[in-house]
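Me: I would like a close look at a single part of this structure, with its surroundings described after it. Please keep the account plain.

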Amino acid sequence: MYTPPAFREDDPVVLRQIIHEARLATLVTATAEGLMATPLPLILDENQGEHGVLLGHLAKANPQWKTPAMGEAMVIFSGPDAYISPSWYATKQDHGKVVPTWNYSAVHAYGEVEFFEDRDRLHQAVSRLTDLYEQARAKPWAITDAPDNYIESQLKGIVGLRFSITRIEGKNKMSQNQPEQNRRGVAAGLAASERETDRAVASMIATDPQE
């Protein structure tokens, strides 16, 4: 990932936050048949390995798990993003030398991917993922709410995924290369948007409250 120094994100806390909040990731593997990619939800276990381990599952009919990966695999996590209009820059009035751009945050995790069919590991993986996204509901659904034989039949249709992160890259492009007055204009413009993601990006732009 091309990351100019101004946009580079190395803080492990921030990187983990982007991963946790991304919800849907993309697994990419290079194979003898070409690149293969699958969008899928993953859960980060921070207690395993130097950078953590990603856990999830994909359909057994998906050919990606059966196709040997060549070298590292990659998982892409995308955070909030927003179009940036040059009309929000205060310097537009001074010299007009402004152009549109895009603000966004992203994490690329690299490592080794393992696929498994062990029933108990599969059950644990899908249980953890389900519990994570159900916990905020007033009446959380649990795997035990479904008939045992139905769950067993569903487990036979998937394979588990364990991704050991060996290195990680992060990028937060949030107008850091712009002067304070331009960052203020961008934050104000995005904050007034009807798009939730625009407002999320607005809150991520650093401005000096004393100016």
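In which loop is Arg 23 found?

Reply: In this predicted model, Arg 23 is found in the loop between α1 (12–22) and β1 (24–31). Its phi is near 70°, a positive value in a residue other than glycine. Most residues other than glycine have a negative phi. Arg 23 is exposed, because its relative accessible area of 53% is over the 50% cut-off.

A second residue can be set beside this one. Ser 175 also has a positive phi, near 65°, and is likewise not a glycine. Ser 175 lies in the loop between β7 (158–173) and α4 (180–191). With a relative accessible area of 3%, Ser 175 is buried, whereas Arg 23 is exposed.

The strand that follows the loop of Arg 23 is β1, and β1 belongs to an open sheet of seven strands with antiparallel pairing, in the order β2-β1-β5-β6-β7-β4-β3. The edge strands of this sheet are β2 (34–41) and β3 (43–45), each of which pairs on one side only. From one strand to the next, the twist averages 35°.

Within the sheet, β1 pairs with β5 (residues 73–84) in the antiparallel sense over five bridges. Thr 29 stands opposite Ala 73 in β5. Helix α2 (residues 119–134) packs on the sheet, where it touches β2, β3, β4 (53–59), β6 (101–116) and β7. The direction of α2 makes about 45° with that of β7, the strand that precedes the loop of Ser 175.

Conventions
Residues are numbered from 1 along each chain as its sequence is written. This is a predicted model: local features need pLDDT of at least 70, side-chain atom pairs count only at pLDDT 80 or more; totals for chains, interfaces and linings use all residues. Side-chain values use heavy atoms; hydrogens and water are left out. Helices (H or I, at least four residues) and strands (E, at least two) are DSSP runs, numbered from the N terminus. Buried means under 20% relative accessible area, exposed over 50%, partly exposed in between (1.4 Å probe, protein chains only). Two strands pair if DSSP finds at least two bridges between them. Axes are lines fitted to C-alpha atoms, for helices over the stretch in contact, and angles run from 0 to 180 degrees between N-to-C directions. Contact means heavy atoms within 4.5 Å.
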